[in-house]
Amino acid sequence: MAKVTFEKDLCKGCGLCIAACPKGILELSREEINQKGHHPAQITDQEKCIACAFCATMCPDCVITVEK
Amino acid sequence: MIVFEKPRALTDAPLHYCPGCTHGIIHRLVAEAIDSLDIAGRTIGVASVGCSVFAYNYFNCDMVQAAHGRAPAVATGVKRADPGKIVFTYQGDGDLASIGTAETVHAAARGENITIIFVNNAIYGMTGGQMAPTSLPGQVTQTSPYGRDVNTVGYPVRICELLATLDGTGYVERVAVNSVKNVRSAKRAIEKAFRNQVEGKGFSLIEVVSTCPTNWGKTPQDALKWVETDMIPYYPLGVYKDKFAEEAAK
Amino acid sequence: MAEKILMKGNEALAEAAIMAGCRHYFGYPITPQTEVAAYMSRRMPKIGGTFLQAESEIAAINMVIGAAAAGKRAMTSSSSPGISLKSEGISYMAGCDLPGLIVNVQRGGPGLGGIQPSQSDYFQATRGGGHGDYHLLVLAPSSVQEMANLVFKGFDLSEKYRIPCMLLADGTMGQMMEPVELPERAAEGAAKPWALTGTEGRRKPNIINSLALEPQELEKWNEERFQRYDTVRENEQMSESYRMEDAEICVVAFGIAARVAQNAIDAVRGRGIKAGMIRPITLWPFPEKALKAAAKQCRAFVSVELNMGQMIEDVKLSIDCSRPVSLCCRTGGMIPSPDEVVAAIERAAEGGK
């Protein structure tokens with residue numbers, strides 16, 4: 001089962017992962033604000049994830065860990 | 001099974017770079033190369049002056065801070081002190097292509113067995129967005145507020161092409177990090193640049209076409225697009241010299 | 001005991017560095033010290049050391065930084081304009097607490113100046129040379145023998161205190177030939193747990209750095225460094241006294257000026273003037289203790305220098321301006337003659353300036 005986890009407090013809400021995701025299943029949280037004051041990225045539908053790791057590849061802050 | 005995780009050669013210090021700044025990606029690629037070649041224990045990095053001035057806090061290996069432009073000279077000193085160490089520099093366009101041009105050219109001319117990571121984002125980030133030697137014609141920056149006028153301040157410098165003309169240069173490749181495909185190519189190039197040093201081959205430099213969303217005045221995603229539409233046409237990607245492959249072919 | 005060999009100062013210095021265990025020399029040609037680089041270019045490859053003619057004096061000092069950071073005895077040499085180029089790098093060495101030897105074989109200045117000897121970089125050397133609050137150890141040889149001996153001393157002190165050391169010679173010292181007995185080979189230097197030797201997966205990374213954006217942290221670094229300087233000031237002042245036992249007029253001179261002054265002192269002694277000399281060997285730390293002691297017995301001081309009057313300020317400061325201090329100087333590459341120094345001593349003895 002493909003799984004992505006986000007180290008939320010490292011996220012700067014830059015959105016590069018969202019733009020990179022081929023499944024369009026990432027978004028910036030609307031309600032949550034992390035320690036740095038950003039809206040962290042999160043996954044909307046873990047089931048649709050194919051563990052391509054495009055998100056983690058484009059993340060400048062090593063926020064994302066991808067497992068299969 | 002883990003498919004992707006943070007490399008061990010990066011410390012836990014949160015990166016101070018702007019949101020969407022590609023320095024973070026490039027740091028990770030360098031760390032991945034160090035992990036994959038298992039050389040962290042004998043690597044010494046040379047941090048330069050620019051946005052990446054705190055690089056000494058981010059890599060899990062011995063590090064020395066160099067004066068602006070002088071990292072290749074400091075790296076030369078470290079490498080000559082102990083040729084068994086793997087020595088790399090991490091430099092921006094001001095550091096490498098403006099104040100440090102002589103050090104860059106001569107380290108290459110001498111064929112120093114070091115690895116240089118050159119981050120080219122066509123601007124001076126740390127000091128607030130001034131024109132760089134790599135800024136494009138017409139590019140608006142703090143010190144070219146009407147756009148870079150080639151009639152008064154000349155043309156950008158293409159470092160890979162310049163260094164390729166030197167006999168001492170071993171391996172120079174220009175890559176970019178504006179898409180997953182390009183990041184993966186960049187990863188391979190950076191790893192090759194480190195492997196060349198491990199194999200004692202000579203001078204490698206990887207020029208990474210990068211973004212500066214803050215000083216370009218763009219969102220991180222738009223900045224990646226500008227790399228594709230404007231920077232890569234001026235700075236074409238590819239291998240500009242591979243002396244080691246040429247020699248192996250003979 | 002080693003034999004005495006006739007050597008040129010620049011070459012004696014280079015050979016002494018090799019015997020002191022230096023295996024990394026980075027330099028650039030500039031008159032009157034190019035022989036140091038040329039000598040190293042012949043010797044270093046034969047002993048597996050590094051000789052590099054860098055692309056500039058700036059590159060050379062930064063190469064020294066790299067090798068010193070890696071824990072090696074490293075050095076560079078240059079002359080006045082080249083030392084100015086190195087000033088940023090020297091400041092970085094001080095700020096990183098790196099040991100290392102920088103040799104300045106002084107020539108006439110300012111600007112491109114001339115190639116004849118001078119002592120006009122005294123201020124530059126003793127005030128650090130570069131930006132920021134720091135000091136260098138500054139050693140002033142006055143013979144070819146001292147060109148050799150002080151290289152050993154320089155490396156040892158530099159590593160003991162983690163302070164860069166400048167060997168402040170002048171063109172005469174560099175070019176003259178005198179018999180020299182080279183010291184015994186040096187033992188291993190002090191341990192350097194801070195050096196960049198690779199973590200080997202066994203320790204945390206070492207970082208050699210001079211950047212501290214938090215002002216409290218930077219102030220603390222400066223204060224800790226100055227505590228080391230206080231220890232140096234207390235323990236490492238060096239000078240040589242010549243005919244000071246009953247002296248009434250004290251000449252202060254270093255380097256080639258001291259050689260000339262010695263002749264002048266012998267001449268005036270023949271005419272009944274009780275002159276003596278304190279020859280600073282460390283210019284930083286300045287031999288204040290010796291001068292303060294001299295101020296108790298001497299009624300006037302004469303500073304003899306190859307510049308427009310630089311060390312004279314330290315002479316006055318070290319005796320709290322308690323006695324008249326006059327200046328005997330030539331510059332631009334000119335060297336004071338013994339007669340000129342004699343005249344200056346006589347004027348001082350008469351109470352004049």
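1. Let's start where chain A meets chain B at the level of single residues: Glu67(A) has Ile2(B), in strand E1(B), as its bridge partner. This pair belongs to a link between strand E4(A) and strand E1(B), residues 2-4 of chain B, which pair in the antiparallel sense over two bridges. Please keep in mind as you look around that this is a predicted model.

2. Zooming out from that bridge, 21 residues of chain A are in contact with 22 residues of chain B. On the chain A side, helix H1 (16-20), helix H2 (54-58) and strand E4 (64-67) each supply at least two residues. H2(A) gives the largest share of that side, with four residues. By class, the chain A side that touches chain B divides into 13 nonpolar, four polar and four charged residues.

3. How do the chains connect overall? Two pairs of chains are in contact, and of these chains B and C share the most contacts. Chain A and chain C, by contrast, do not touch, and their nearest C-alpha atoms are 20 Å apart.

4. Now for the meeting of chains B and C, where 34 residues of chain C are in contact with 29 residues of chain B. Which elements of chain C supply at least two residues each to its side? They are strand E2 (24-27), strand E3 (50-53), H3, H4 and E9. The largest share, nine residues, comes from H3(C). The chain C side that touches chain B comprises 18 nonpolar, twelve polar and four charged residues.

5. Chains B and C also join through strands. E3(B) and E9(C) run parallel and are joined by two bridges. One residue pair to look up here is Val64(B), whose bridge partner in E9(C) is Ile208(C). As background, strands of a sheet pair through backbone hydrogen bonds, either parallel or antiparallel.

6. That link is part of a wider picture: an open sheet of eight strands with mixed pairing, in the order E8(B)-E6(B)-E7(B)-E5(B)-E4(B)-E2(B)-E3(B)-E9(C). Which strands form the edges? They are strand E8 (238-242) of chain B and strand E9 (207-208) of chain C, each of which pairs on one side only.

7. Within this sheet, strand E2 (residues 43-47) and strand E4 (residues 86-92) of chain B run parallel and are joined by five bridges. Ala47(B) stands opposite Tyr90(B) in E4(B). A helix joins the picture too: H3 of chain B, residues 71-81, lies across E2, strand E3 (62-65), E4 and strand E5 (115-120) of chain B. This helix runs at about 175 degrees to E4(B).

8. Turning to the helices of chain C, H3 (residues 57-69) and H4 (residues 80-95) pack at an angle of about 25 degrees, with their axes 8 Å apart. These two helices are therefore roughly parallel to each other, and the crossing of H3(C) and H4(C) is right-handed. Among the residues making the contact are Ile58(C), Ile61(C) and Ile65(C) of H3(C), together with Leu85(C), Ile90(C) and Met93(C) of H4(C). The contact residues divide into seven nonpolar, three polar and two charged. H3(C) is also the helix with the largest share of the chain C side that touches chain B.

9. A second helix pair in chain C is H1 (residues 9-19) with H6 (residues 144-161), whose axes come within 8 Å and cross at roughly 25 degrees. H1(C) and H6(C) are therefore roughly parallel to each other, and their crossing is right-handed. Gly9(C), Ala12(C), Leu13(C), Ala16(C) and Ala17(C) in H1(C) meet Val144(C), Met147(C), Ala148(C), Val151(C) and Phe152(C) in H6(C). Nine of these contact residues are nonpolar, one is polar and none is charged.

10. Finally, chain C is divided into domain 1 (4-190 + 226-233) and domain 2 (240-349). The centres of the two domains, taken over C-alpha atoms, are separated by 26 Å. Between them, 26 residues of domain 1 are in contact with 22 residues of domain 2. Several elements each supply at least two residues to the domain 1 side, including strand E7 (165-170) and helix H8 (215-235) of chain C. The largest share, four residues, comes from H5(C). By class, the domain 1 side has 14 nonpolar, ten polar and two charged residues.

Definitions and conventions
Residues are numbered from 1 along each chain as its sequence is written. Chains are lettered from A and ligands numbered from 1 in the order in which they are written. This is a predicted model: local features need pLDDT of at least 70, side-chain atom pairs count only at pLDDT 80 or more; totals for chains, interfaces and linings use all residues. Axes are lines fitted to C-alpha atoms, for helices over the stretch in contact, and angles run from 0 to 180 degrees between N-to-C directions. Angles under 35 degrees count as roughly parallel, over 145 as roughly antiparallel, 65 to 115 as roughly perpendicular and the rest as oblique. A crossing is left-handed if the near helix is turned anticlockwise from the far one by less than a right angle, and right-handed if clockwise. Two residues are in contact if their C-beta atoms, placed from the backbone, lie within 7 Å. Ala, Val, Leu, Ile, Met, Phe, Trp, Tyr, Cys and Pro count as nonpolar, Asp, Glu, Lys and Arg as charged, and the others, Gly among them, as polar. Two strands pair if DSSP finds at least two bridges between them. Domain bounds come from an automatic or database domain assignment.
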